[in-house]
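Dear colleague,

I am handing over the structure we spoke about, so that you can look through it at your own pace. Below it you will find an account of what turned up, beginning with how some of the helices pack and ending with the ligand.

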Amino acid sequence: MTDQRSDAPAPVAPYDPGGPYASLAPLADGAQYVGGRQHHGGSGRRHTLVDPATGGTAGEYALAGTDDVDAAVAAARRALPEWAGATPGERSDAMHRLRAVLDGEAADLARAESVQCGKPTRLTEEFDVPGSLDNVAFFAGAARRLDGVAAAEYSADHTSYVRREPLGVIGSVAPWNYPLQMACWKILPAIAAGNTIVLKPSELTPATSLMFARAAHTAGLPDGVVNIVTGTGADTGEHLVTHPDVAMTSFTGSTAVGKRVAALAAQTVKRVHLELGGKAPFLVFDDADLTAAVHGAVAGALINTGQDCTAATRAYVQRPLYDAFVSGVADLMAAVRVGHPADPATDIGPLVSHAHRDRVAGFVDRARAYATVVIGGEAPGGPLAPGAYYLPTLVTDAPQDSEIVRGEVFGPVLTVLPFDTDDEGLALANDTPYGLAASVWSRDVFRTARASRAIAAGCVWVNDHIPIVSEMPHGGYRASGYGKDMSAYSFDEYTQVKHVMSDITGEPRKDWHRTVFRLPAAPDDRTGGR
Ligand code: NAD
């Protein structure tokens with residue numbers, strides 16, 4: 001396509017090939033990927049990437065403007081006939097090639113994801129990147145299994161069949177907490193089903209989405225099938241959501257922004273898929289394996305420094321286990337090593353930004369007025385002080401209706417409250433507006449089955465918390481949104497179903513016409529004038 005940005009000024013991009021930000025070098029040619037070409041954003045504004053681990057500048061790039069969004073949507077539209085017209089097998093082949101390219105870049109992806117987010121490399125190497133690669137492999141296979149109902153004669157005179165068709169150009173908006181995984185969750189089901197896509201990653205974390213798009217190009221996906229525009233939500237995001245040539249908005253982010261996105265998308269009657277915030281309960285019954293529950297709570301609360309929409313955030317523990325659970329969690333949290341993301345000994349790294357760390361700290365600071373901060377509740381000093389770090393934090397004695405129990409803190413903070421009866425515990429677990437995920441801990445299968453049914457959330461883990469698999473759906477209930485990511489269920493979001501009903505009688509006058517009019521029989525009328 002024509003490079004509409006060829007006259008755009010070169011960005012300042014100090015990605016020293018030997019320096020700590022070398023893994024962000026893919027941004028040097030711009031953070032936009034449109035129609036198979038990378039370029040600099042045309043908004044006239046730049047974004048400085050701040051290293052959350054040190055507070056230093058990691059790089060800078062030119063943000064997308066509305067013209068970039070228009071160009072990306074146009075490129076996606078141009079690519080649509082060829083991609084939607086490809087056979088499932090052809091799309092599958094291309095996605096298998098994409099998997100191979102990404103596999104070859106796994107180490108680079110893990111480093112870039114670590115640097116831009118502040119994630120420990122252990123996490124990106126063992127969770128973010130392998131999970132993303134598995135997603136690509138799953139959707140490469142699933143592209144060939146867009147099943148529907150079998151054709152049949154539901155009326156004696158007709159054969160009916162269902163076509164499952166792509167929607168067109170998908171406009172997706174993603175958050176910063178798992179940028180590569182979110183790019184996969186948005187892009188893969190969309191393109192597997194024959195759509196083309198424009199993805200807007202968070203302006204804080206553009207690198208790995210861009211690398212994904214470049215890999216798609218290397219793998220031979222047609223230009224324009226995968227496009228990336230990196231800009232702010234207020235202009236780039238809203239322009240994409242309201243664009244008349246975009247058929248569907250798929251949004252992952254906070255509930256507050258999700259509500260606005262849904263309202264904006266309604267103006268052009270777009271299909272909307274919302275993956276929003278969470279406040280997952282962690283329900284421990286009195287017959288649970290205490291050691292397992294303690295370890296599960298700490299891992300589930302602190303993964304990705306607590307910046308996980310399904311993180312364990314509210315533990316409810318039946319009274320006989322409550323004291324032992326609190327002291328066990330406090331001891332284990334104290335042993336968690338907070339450190340620089342590149343240090344292999346680091347368990348959890350900084351939060352994504354200083355502003356977000358301060359937001360998390362604000363929740364805990366306000367909670368001191370009504371609750372007990374058992375451990376943590378502050379930023380570490382010493383060499384980590386310049387980074388956006390926050391210590392693992394355990395809060396007890398907070399009322400159920402308090403901000404820290406009901407609001408999405410999105411940091412390494414766990415509250416624990418006791419309960420007496422099973423019904424009380426289940427009522428507490430359901431007592432927030434959210435419904436994304438939950439876990440129940442007990443050795444009694446009947447108890448866990450009853451609890452799994454009673455909890456209003458899109459995912460319930462039993463004696464574990466956090467694992468996800470590509471084959472199973474992820475999505476919320478209530479204020480956590482609607483629609484499913486991952487799994488074959490996601491095809492319900494990214495396809496529309498067409499009923500084709502074909503006459504099999506060949507009769508010029510159909511029997512049902514009698515309900516509208518009666519005519520005398522014509523000389524050659526085989527119906528006898530019915
Ligand atoms: P956010 O809502 O602030 O931003 C998400 C994305 O929306 C970003 O790309 C942002 O630039 C964009 N955006 C902001 N305002 C916009 C607007 N008016 N129009 C269009 N786009 C706009 O969320 P965040 O802080 O980036 O991410 C954290 C949130 O994401 C948390 O609430 C978390 O629970 C949620 N999340 C949910 C899931 C899930 O699967 N349910 C997964 C990951 C994160």
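To begin with one pair of helices, α2 passes α4 in a left-handed crossing. Please keep in mind throughout that this is a predicted model. The axes of α2 and α4, the latter being the helix of residues 121–142, come within 8 Å and cross at roughly 165 degrees. Since angles over 145 degrees count as roughly antiparallel, α2 is therefore roughly antiparallel to α4. On the α2 side, the contact is made by Ser 92, Met 95, His 96, Leu 98, Arg 99, Leu 102 and Asp 103, while α4 contributes Leu 133, Val 136, Ala 137, Phe 139, Ala 140 and Gly 141. Sorted by class, the residues of this contact of α2 with α4 comprise 8 nonpolar, 3 polar and 2 charged.

Helix α2, which covers residues 88–104, also packs against helix α6, residues 207–218, at an angle of about 125 degrees and with the axes 8 Å apart. These two helices are therefore oblique to each other, and α2 passes α6 in a right-handed crossing. Here Leu 98, Val 101 and Leu 102 in α2 meet Phe 212, Ala 215, Ala 216 and Thr 218 in α6, and the residues of the contact divide into 6 nonpolar and 1 polar, with no charged residue among them. You may like to note that Leu 98 and Leu 102 appear in the contact of α2 with α4 and again in the contact of α2 with α6.

Helix α6 has a further partner in helix α3, residues 106–117, and the two pack at an angle of about 155 degrees with their axes 9 Å apart. That angle makes α3 roughly antiparallel to α6. In this contact, Asp 108, Leu 109, Ala 112, Glu 113 and Gln 116 in α3 meet Ala 207, Thr 208 and Met 211 in α6, which gives 4 nonpolar, 2 polar and 2 charged residues by class.

Turning to the ligand, there are 28 residues around it, of which Ala 174, Glu 238, Ser 254, Leu 276 and Glu 408 come nearest. For Ala 174, a backbone N or O atom lies 2.7 Å from an oxygen atom of the ligand. Ser 254 has a polar side-chain atom 2.6 Å from an oxygen atom of the ligand, and a polar side-chain atom of His 474 lies 2.8 Å from an oxygen atom of the ligand.

With best wishes

How values were computed
Residues are numbered from 1 along each chain as its sequence is written. This is a predicted model: local features need pLDDT of at least 70, side-chain atom pairs count only at pLDDT 80 or more; totals for chains, interfaces and linings use all residues. Side-chain values use heavy atoms; hydrogens and water are left out. Axes are lines fitted to C-alpha atoms, for helices over the stretch in contact, and angles run from 0 to 180 degrees between N-to-C directions. Helices (H or I, at least four residues) and strands (E, at least two) are DSSP runs, numbered from the N terminus. Angles under 35 degrees count as roughly parallel, over 145 as roughly antiparallel, 65 to 115 as roughly perpendicular and the rest as oblique. A crossing is left-handed if the near helix is turned anticlockwise from the far one by less than a right angle, and right-handed if clockwise. Contact means heavy atoms within 4.5 Å. Ala, Val, Leu, Ile, Met, Phe, Trp, Tyr, Cys and Pro count as nonpolar, Asp, Glu, Lys and Arg as charged, and the others, Gly among them, as polar. A residue is near a molecule or strand if one of its heavy atoms lies within 4 Å of it. A polar contact is a pair of N or O atoms within 3.5 Å; within protein, one must be able to donate a hydrogen and the other to accept it, and residues adjacent in sequence count only if both atoms are side-chain atoms.
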